[in-house]
Amino acid sequence: MTSRYRAPESVNSPSPRRRTVVKAAAATAVLTGPLLAALPAKAATDTPSFLHGVASGDPLPDGVLLWTRVTPTAEAVPGSGLGPDTEVSWTVATDKAFTNVVSRGSLTATTASDHTVKADIRGLAPATDYWFRFSADGTDSPAARTRTAPAADATVTGLRFGVVTCANWEAGYFSSYRHLAARNDLDAWLHLGDYIYEYKSGEYAARGTVVRPHAPLNEIITLADYRTRHGKYKTDPDLQALHTKAPVIAIWDDHEFADNAWSGGAVNHTEGAEGTWTARQAAAKQAYFEWMPVRPAIAGTTYRRLRFGKLADLSLLDLRSFRSQQASSGSGSVDDPDRTITGRAQLDWLKAGLKASDTKWRLVGNSVMIAPFVVGALSADLLKPLAKLLDLPQEGLAVNTDQWDGYTDDRRELLAHLRSNAIGNTVFLTGDIHMSWANDVPVDAGTYPLSPSAATEFVITSVTSDNLDDIVKVPEGTVSALAAPVIQLANRHVHWVDTDRHGYGVLDITADRAQMDYYVLSDRTSATATSSWERSYRTRSGTQKVERTYDPV
C-alpha cells in the first residue's frame, strides 16, 4: 500500500488585462490576527488536533483519496508556515468501531503542505462503505464514512449524488451541506465550483450585509491568504458534517482564484498592485490541492474522469485554466474560432471520452452554463439587476460571455460531435449562475424546437451567494415570478428557471432516467435553516429532453 502527497504543478499564463479599480489595501498578506480567526477556539496546548475535520474524495472501484489537516501546535494555524513536522497515521475499516481494519499507514504533515495530508488508498472492494480516521500523537480525528465506486463492469441499478455550488461564507450559513449530510443515502456529492470566495470582507455578502466574517479580512492574493481562507471554510460544522458522510467530487470555478478568471488574468485582479497573475494563480492552485481531496489529473488541473460501473461515467471539466479572455458583451468575437473555454487538449479529451463511453449515462461536471441564453424583452427594472448578475451590459441586450455563450465555437464543435456520433444520454451538471435551471441543450437555439437537442442540463442554485431577488432586495420569489416567464419565452429550450432561491440538488440515476430534485432553504442567514423540496426534472433515456416530474426520489 502506498500513500503519498502529490504537490500540484503550476501553470504559467500570459499577463492579464488591468481592472479599472485598484484595491491596493488587499495587496499584502496579513499573517497575524486574521490568520487566528481561521481556527475555532482552542486551548493553548501543544497537543495535535484535527480542527478542520476529515474528508474523502474521487472514489474509484478499488480506492479513495483521504484528507485531513493536523494542527500540531497552537501557533500552527493555516497559512502561518509555523509548526513542526508531525506524523499522521490513517486507518480504514469496514465498520465504525474499527474492529475490522483493512488498511493503515502514515504520512508526515509539514509546513510545505500547510500541515495537510492526503492518503491515496487502494486495494479496497468496489461499491463498499468504509470508515476512516487519522491519528497524531495519541489524538484521533473524527471518524468518517466514505464509499468506493462500483466495479467498471458492474451492473448498477442506481446512483445518488448531492449537488452543490457557490458557497459564500459571508453571505450565510451552509445549511445545504447539513441537509445533505442528514440524508444517509449518497454515493458521493458533487461540488461544481466556488467552494471558497476570494473577496475582502464586506465586498460580497448577503444583500450587502456580512452574516459572518471570513478570514483573512483582506482579499486573498498570496499562498498564505488562500490557505487561510480554505482553513476558515473547513471549520464550518455543516461542511465538516457532509465531508464525514460521503466522498466529494469537486471542480473549481473562478472564485477559487478570482472573479471571472481566465488563463491570463481575472476581472478581480490588478497586475502589479496585486502581484502577477501567474503567481496568484499558482498560489490558488497549490492551496486548493492541499486543502481539497481532489486528484490533480493533468498539470495541476481539475479535469478528469470517474466511472460508476456500466451506469454512468462523469467527465469533470476545468473551465478556467485554459480559457481565452472573456469577450466584450454583445461583440461578434464570441464566435471567434480562435477563442476557447476548454483549451484544445481538454476539448479533444472530452470528445474522445464521450465517444468511447460504453456507460448508459454520460455526466459532465460543468462549472458554467452551456445551454444558450438570451435576455429577451425584460422590463428596465428587471434588466439591470439581471444584467449585473450575469455580467451583461446594464443598458442593452447581450449574452453572458463568461459562460459557454461567450465561446460559441467550442460549444458548436462539442454539440456537433454529440450529434454526428449519435452520443445520447449526455447530461451537463452545472453551477455558477446562482439560479436553478432545467434545460435542453439545442444544436441551434434560434430554431429550437425544430432544431434537435444534443444533451440536457441541470443547473443548481447557490448555497448562499446572492441571486436575483437579493440584488433587487425584494422578498424571495418576487423577481422569479416576473422574470422566469420572460426568460422561458425567449429561450424555448429552458423548461424551468428559478432566479431567487438558495439550496442544493439531489441527482438520482437509473437505467431509465436521470432525475434532479431541487431543494431550497428557508433562510440562508439562519444557522438552523430548514430545507424543502421545490421541483424535480428528469431526462428519460434516449430522449435528450427534459421533462417535469412531480415526486422527488
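Let's start with helix 8, since helix 8 gives the most to the lining of the second largest pocket, with five residues. Please keep in mind that we're looking at a predicted model. So how big is the second largest pocket? Its volume comes to about 400 Å³. Lining that pocket are 23 residues, and the closest to its centre are P372, D405, R411, A445 and G446. As for elements that give two or more residues to the lining, we have helix 8, which covers 408–420, and helix 10, which covers 478–490.

For those of you who think in chemistry, the lining of this pocket divides into 13 nonpolar residues, six charged and four polar.

Now let's move over to strand 9, residues 159–164. Is strand 9 largely enclosed or left open? Five of its six residues are buried, so strand 9 is largely enclosed by the rest of the structure.

Which strands does strand 9 pair with? One partner is strand 21, residues 503–509, and the pairing is antiparallel, over five bridges. If you'd like to find that pairing on screen, look for R160, whose bridge partner in strand 21 is D508. Another partner is strand 10, residues 188–191, which runs parallel to strand 9 and is joined to it by four bridges. Here you can look for G162, with W189 as its bridge partner in strand 10.

And there's a nice way to tie this part together. Helix 2, residues 175–181, joins strand 9 and strand 10 in making up a β-α-β unit, and that unit is right-handed.

Key:
Residues numbered from 1 in each chain as written. Predicted model: local features only at pLDDT ≥ 70, side-chain atom pairs only at ≥ 80, totals over all residues. Heavy atoms only, no water. 1 Å grid on protein atoms, 1.4 Å probe; cavity = no way out; pocket = protein on both sides within 12 Å on 5 of 7 lines; lining within 4 Å. Points joined across faces, edges and corners; volume = space filled by probe spheres on them. Nonpolar A, V, L, I, M, F, W, Y, C, P; charged D, E, K, R; others polar. Buried < 20%, exposed > 50% of the residue type's maximum accessible area, 1.4 Å probe, protein only. Pairing = 2+ DSSP bridges. Right-handed = clockwise from strand over helix to strand, strands pointing away.
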